[in-house]
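Please look over the structure shown here before reading on. The points after it are meant for someone who has not seen it before.

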Amino acid sequence: MQNRETGTTECDGLCADAALCAMDASVHDAGMTTVFDRYESQQPQCKQGIQGTCCVLCANGPCRITAKSPAGVCGASPDLIVARNLLQKAAIGTAGNTYHAENAARALLAAAGDDCAFTVRDVSRLESLAEALGIDAGQPVAVLAREVAGLFIHELNKPDTEELALVEALAPAGRVAVWRELGIMPGGVNSEIRTALVKCMTSVNNDPVDLLLTAMKLSIANAYAGLHAINRLQDIILGGAVIGGSSTNLGVLDPATVNIVAHGHQPLLASLVAELAASEEFGQMAGAAGAAGIKVYGSMCEGQELLQRGGAFAGQLGNWLHQEFALGTGAIDLVMMDYNCSIPSLPEYAERFATRLVTTDQAVRMSGVERLEHTPQTAADTAREILERAVAAFAERGEVTVPQESRDSVAGFSTESVVAALGGSVQPLVDAIASGSIRGIAAVVGCTTASPSARGCNIIKIAERLIASDILVVTGGCTSSTLQNAGFTGPDASALAGPGLRAVCDSLGVPPVLSFGSCTDIGRIADVAAAIAGTLSVDTSELPVAVSAPEWLEQKAVADAFFSVAYGLFTHLSPVPPVTGSELVTRVLTQDVEGLTGGKVAVEDDPENAAALIIAHIEDKRRRLGLS
Ligand code: XCC
């Protein structure tokens, strides 16, 4: 992003994203501030906050660890404060993903009845999931849907004294053995979250290592009752990912149409809106308002979910950083805000640029913003209300400034679609890794952050270096949007890869960065690792595979990062997480845990150094497997 005072560019041309550069001046000319301005206003940021050594739990605080005061008023050590702060984040993140999962399970339960717009679109996925869960798959579809949905809801709500059956059913057996040995197999999820939060109370649990193991236990629940549950249940209702092309970035906005943006993480209602928008009835309604139809676009992870499945979808606008700039175009008539990542400044933007905002999830509230909550049974009516409001808002449009920037992107990768593209098994991918054409796989995942050195730049630089080193990159979350907008997922992107990876990509007709969709699709990426490990008959921790979250942002990312370590993977994080105030926590996460799970955290803010660490890790794993 360009520094407005100095006129210099702080992010390699701001240009982590050309559309944001293009919009920067017009948004400021309209009198608005952006996440970048507010980030600058927050500098310098609190040292104890950065290091994780600020405790605000009780009224004796806030307690900040310094050389003069090495413990909190109650005697809490920096190790305890750091570990407890981290566990709180992991608990919130686990609650977020499993909240989403329960909503998806309730939608499937409703889809089993007749009075619901959601249906079972993919019966074979339902049957194979039922089989994996020990449910008789030969039963009628409605019965199966009820039983599968019921099992997920039960798993979420049972006591933590009963082990999560989902983990045993869906995780690699080798991992289950490791987790049992460590005593971190989770029980019922809501109950686990409650126990974890009780451990976070003042003077309840004063053992930093136990708090870290509790975070890891939660992260396993987060993965199987959250991420995997979301993926599988949504695939059953919407159908799975289909490899195909679409366009991304703000330039996809069509000023001639009524424009709706699906913004958040849960794609079910948005998919109904997109289907209805394409109907003759709503086409006529839009025409009567002077518009050339209605288009539904995606934003952040919800958009990635729609993009993965193609259909009536007009394109993906961008990542977490794009949201203010998207409204600043003046070309958006309505934003349907589903849960997570709708930032508090949006109502101000909506007022300035005549955009209608609605919230569609009971957890999302913004003062003065209309709530259009729904049950699965009323979702079709809510979808109609959203379309009607968007058409009405079109009449109030002001000036429109849409930047030119857009990219062609190939999306729709998932375990199943990748296996299908490879001819029915992961063997060709395993062969390419064994021969060294592909040195390994790196999952570059997560969010985007506002600091001048980030803003997508860390993601781009790391991915660029990895693919040039013949490492296949898979991505999910706002990193997907960043890499799509930067041209890494386009039909010609193989030119950016090293010779080995380029040859494989060209022979398969795929880009060197495969978008797996949203941050909740990280579970699918773990499945790919499990499939490769199974084919090679090794543990996931032995694979030439690494994870990087170059711009992690929020609590779900913390839960996901703990899971990545529990899964046995090298996990690079930037910005440096708030752990450096505790030598113990830093040592456990970056060193000791490797002896327990095979995974560990690497912290490195410089993207060149981070890429070098990932490459060294992958080469080391290759050597240990006897691969040249
Ligand atoms: Fe939010 Fe998912 Fe993170 Fe993007 S990647 S900033 S959570 S929208 Ni999920």
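The notes below go from the whole chain to two places in it.

1. Status and make-up. This is a predicted model, and the values below should be read with that in mind. The protein chain contains 26 helices and 15 strands. Its radius of gyration is 24 Å, close to the 25 Å that the globule rule gives for 628 residues, so the chain is as compact as a globular protein of that length.

2. Extent and packing. The C-alpha trace spans about 65 × 65 × 55 Å along its principal axes. Buried residues make up 59% of the 628 in the protein chain. Taking contacts between residues at least 6 apart in sequence, 76% join residues at least 24 apart.

3. Surface and charge. The protein chain has an accessible surface of about 22,600 Å², and carbon and sulfur atoms account for 52% of that area. There are 41 positive and 70 negative charges, and the mean positions of the two sets lie 5 Å apart.

4. The nickel atom. Which protein atom serves as donor to the nickel atom of the ligand? The single donor from the protein is SG of Cys519, at 2.1 Å. Cys519 sits in the loop between strand E12 (513-515) and helix H22 (522-536).

5. Val538. This residue is in the loop that runs between H22 and strand E13 (545-549). Beyond its neighbours within four places in sequence, Val538 is in contact with Ala533, Leu543 and Leu625. Leu625 is 87 residues away from Val538 in sequence, yet the C-alpha atoms of the pair are 9.1 Å apart.

Technical notes. Residues numbered from 1 in each chain as written. Predicted model: local features only at pLDDT ≥ 70, side-chain atom pairs only at ≥ 80, totals over all residues. Heavy atoms only, no water. Helix = DSSP H or I, 4+ residues; strand = E, 2+ residues; numbered from the N terminus. Rg over C-alpha atoms; globule rule 2.2 N^0.38 Å. Buried < 20%, exposed > 50% of the residue type's maximum accessible area, 1.4 Å probe, protein only. Contact = heavy atoms within 4.5 Å. Areas by Shrake-Rupley, 256 points an atom, 1.4 Å probe, with all protein chains shown as cover. Lys, Arg positive; Asp, Glu negative; His and termini not counted. Charge placed at Lys NZ, Arg CZ, Asp CG, Glu CD. Donors = N, O, S within 2.8 Å, 3.2 Å for Na, K, Ca; no water.
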